[in-house]
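Biologist: I'd love a close look at one part of this model with you. Could you take me through it slowly, and then show me how it sits in the rest of the chain?

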Amino acid sequence: MSGAKETPRQKMIGMMYLVYTALLALNVSVAVLDSFLTINEAMETTNKNYNQKNEDLYQRFLAAYTANEAKVGENWKKAKSVQAKTRELYDYIQQMKYDLIAFTEQIPVEQAMNLNPRNIGRQDNYDDPTRFFIGLEEAAHDGKAYELHKKLHDYRSFLLEQVDEKDRSSIPLRSLHVEGTKYYNASGQEQSWEIFHFSHTIIVADLALLNKIQNDVLNAENDIVSYLYSSISDDDFKFDTISARVVPVSNSVLAGSTFEASIFVAAFDSKAKISATIDGKEYEGSGGSINYKVPATNIGKRKVNGTIHVPVSFGVKSYPFQFEYDVRQSTATVSADKMNVFYVGVDNPVSALAGGITDENTRVEISNGTISKVRPGEYVVRVNKPGVDATVKVFAKENGKETLMGSKTFRVKRVPDPVARINGQEEGVKRIDKNTLANAGGLLVSMKDFEFELNLKIASFNVQVSRDGELSPMMPSNGNKFSQSMIDNFKRCKRGDKVFVTDIAAAMPEGNRTLGDMILTIK
């Protein structure tokens, strides 16, 4: 370190050290040392005051956060991180002072922590402090000053990250600007920040400088936290005009549904944690409004009284309000257009209406089957489980909510069996002329007393003829027509012969259905 260039200040301190013993009577060196000690003590007092000042700022910040967590939360989180980073760096520098004393005085750190700087034995020592801060070789950059330099740089960068980019130029943090500033020795040669501040400086000067850096850190902390706090200051919670407002989703609701309204404060901060007391019940708000919901039971007008509570200037103000709404009776009409029965396999027409509700705001559903709209108020039902009742429900859609307006339950049945006929002759034992039978052409099928139009037909049947006591072979038909073999057998019949028409199958909507047999006696 003997080759390092010295600043005028460093040269002066070195010269004072050399002549210290010779000029002791004049007390020159002692006066210089005492001035550093006095400055050091003043800086420690200043730091205590700054710590308290910053703590008061955090307390005001906390009060704002408590009053309006949603609005203040993001900046409060940043402020807490600044507080933690500042405490970390401040404590690091504080420990560095203890380590410096221990290194210079060659005592344990625990003893150095309790040693008053005025009791340091070698207050004018600059060799050991230089080795502590710069290291044995300047080029190695292994002294504590280089580590301190990096921490100050990182801390300054961190603080600026908490500030909106557009505002960073207004908070330069010059006291922490360890880059960009040029330093020169007595010969005009440029020096690094570390060499300029810590090379060949006596320990009491170093302690004063470290206290000054701590003061710079606290000052920078105050700048950033004050900036963060300024965006959520008291003025943000005050308004020239403020009054309660109630906006019902609808002033007229159906019995059995829900009345809903938004209760808010005009021009109020949407992030504020507001609350309300309505008819004796407490409600919590969000987004600057109260979502008020109560069951609509009794028909008629309903009056509501309440008070909305608003956080302002770290306190709460209350604003009374009153409003009314109307509850009307819900009505719905459901009717089967044919009868009070749904039949499996056919289109069952139904009318369904909700009183006072437009068609587009009406929804109809069924419990057993499907229901499709044909035109406004008219539907077609298809059911598939006979014996299981089907309930049709009508819902009204209002303000994004559905209300049941009414319902009706229908019996579900199979379509009745159709009747097979031959030239007007139905199932059972009948008498028929053989020529009439031969000319009938086949079987017909129809419904008796049934309201629905069905396209029915005979799917298949069998015929046998009994002549002179002998039974012919079975003659099948895969449709409704008589085969030529059947017709030939009919023509050979005599009076008293019998024709058996069996296994008659009719094609029904749900599939083939077996009908009753026919026994025809030739007359």
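In which loop is H200 found? Please start there and follow the chain onward into the helix.

Modeller: Happy to! Keep in mind as we go that this is a predicted model. H200 sits in the loop between α7 (193–198) and α8. Its backbone deserves a look: H200 is not a glycine, yet its phi is positive, at about 60 degrees. The residue is also buried, because its relative accessibility is 8% and the cut-off for buried is under 20%.

Just past this loop comes helix α8, which covers residues 203–230. Its 28 residues span 40 Å from the first C-alpha to the last, close to the 40 Å expected at 1.5 Å a residue. Most of the helix is covered, with 22 of the 28 residues buried.

Two asparagines in α8 are good places to pause. N215 lies in this helix and is buried, at a relative accessible area of 13%. Leaving out residues up to four places away in sequence, N215 touches M43, T46, N47 and Y50. N222 is in α8 too, and a relative accessibility of 10% makes it buried. With the same neighbours left out, N222 touches Y50, K53, N54 and L57. Y50 thus appears in the contacts of N215 and in those of N222.

Now for the packing around the helix. The largest nonpolar core has 56 residues, and those that touch the most other members are F61, F133, L148, L152, L159 and F198. At least two residues of this core come from each of α2 (28–67), α3 (69–105), α5 (127–134), α6 (144–161), α7 and α8. The largest share is that of α8, with 13 residues.

F198 brings us back to the α7 side of the loop. Setting aside its neighbours within four places in sequence, F198 contacts T130, F133, I134, A145, L148, W193, D206, L209, L210 and I213. F198 also belongs to a cluster held by ring pairs, together with F103, F132, F133 and W193.

There are eleven aromatic pairs by the ring-pair count. One of them joins F61 and W76: the pair is tilted, with 5.4 Å centre to centre and 50 degrees between the planes. F61 belongs to helix α2 and W76 to helix α3, so this pair ties together parts 15 residues apart in sequence. Both of these residues are buried. Another pair, F461 with F482, is edge-to-face, at 6.0 Å centre to centre and 80 degrees between the planes. Here F461 is in strand β22 and F482 is in the loop between β24 (475–477) and α10 (484–491), so parts 21 residues apart in sequence are tied together. F461 and F482 are both buried as well.

That pair leads us to the strands. Strand β25 (residues 498–508) is largely enclosed by the rest of the structure, because eight of its eleven residues are buried. β25 pairs with strand β22 (residues 457–467) in the antiparallel sense over eight bridges, and there Q464 stands opposite F500 of β25. An antiparallel pairing over four bridges also links β25 to strand β27 (residues 518–522), where F500 stands opposite I519. Strand β26 (residues 511–514) runs antiparallel to β25 as well, joined to it by four bridges, with G511 as the bridge partner of M508. The hairpin from β25 to β26 goes through two residues.

There is a counterpart to H200 in this region too. D468, in the loop between β22 and β23 (470–471), is another residue that is not a glycine and has a positive phi, of about 50 degrees. Whereas H200 is buried at 8% relative accessibility, D468 counts as exposed at 59%.

Finally, let's step back to the whole chain. It holds ten helices and 27 strands, and 44% of its 523 residues count as buried. Among contacts between residues at least 6 apart in sequence, 64% join residues at least 24 apart. The accessible surface comes to about 27300 Å², with 48% of it belonging to carbon and sulfur atoms.

Conventions
Residues are numbered from 1 along each chain as its sequence is written. This is a predicted model: local features need pLDDT of at least 70, side-chain atom pairs count only at pLDDT 80 or more; totals for chains, interfaces and linings use all residues. Side-chain values use heavy atoms; hydrogens and water are left out. Buried means under 20% relative accessible area, exposed over 50%, partly exposed in between (1.4 Å probe, protein chains only). Two strands pair if DSSP finds at least two bridges between them. The expected span of a helix is 1.5 Å times one less than its number of residues. Contact means heavy atoms within 4.5 Å. Accessible areas come from the Shrake-Rupley method with a 1.4 Å probe; for residues, only the protein chains shown count as cover. A nonpolar core is a set of buried Ala, Val, Leu, Ile, Met, Phe, Trp, Tyr and Cys residues joined through side-chain atoms within 4.5 Å. Rings of Phe, Tyr and Trp (its six-membered ring) pair if their centres lie within 6.5 Å; planes under 30 degrees apart count as stacked, over 60 as edge-to-face and the rest as tilted.
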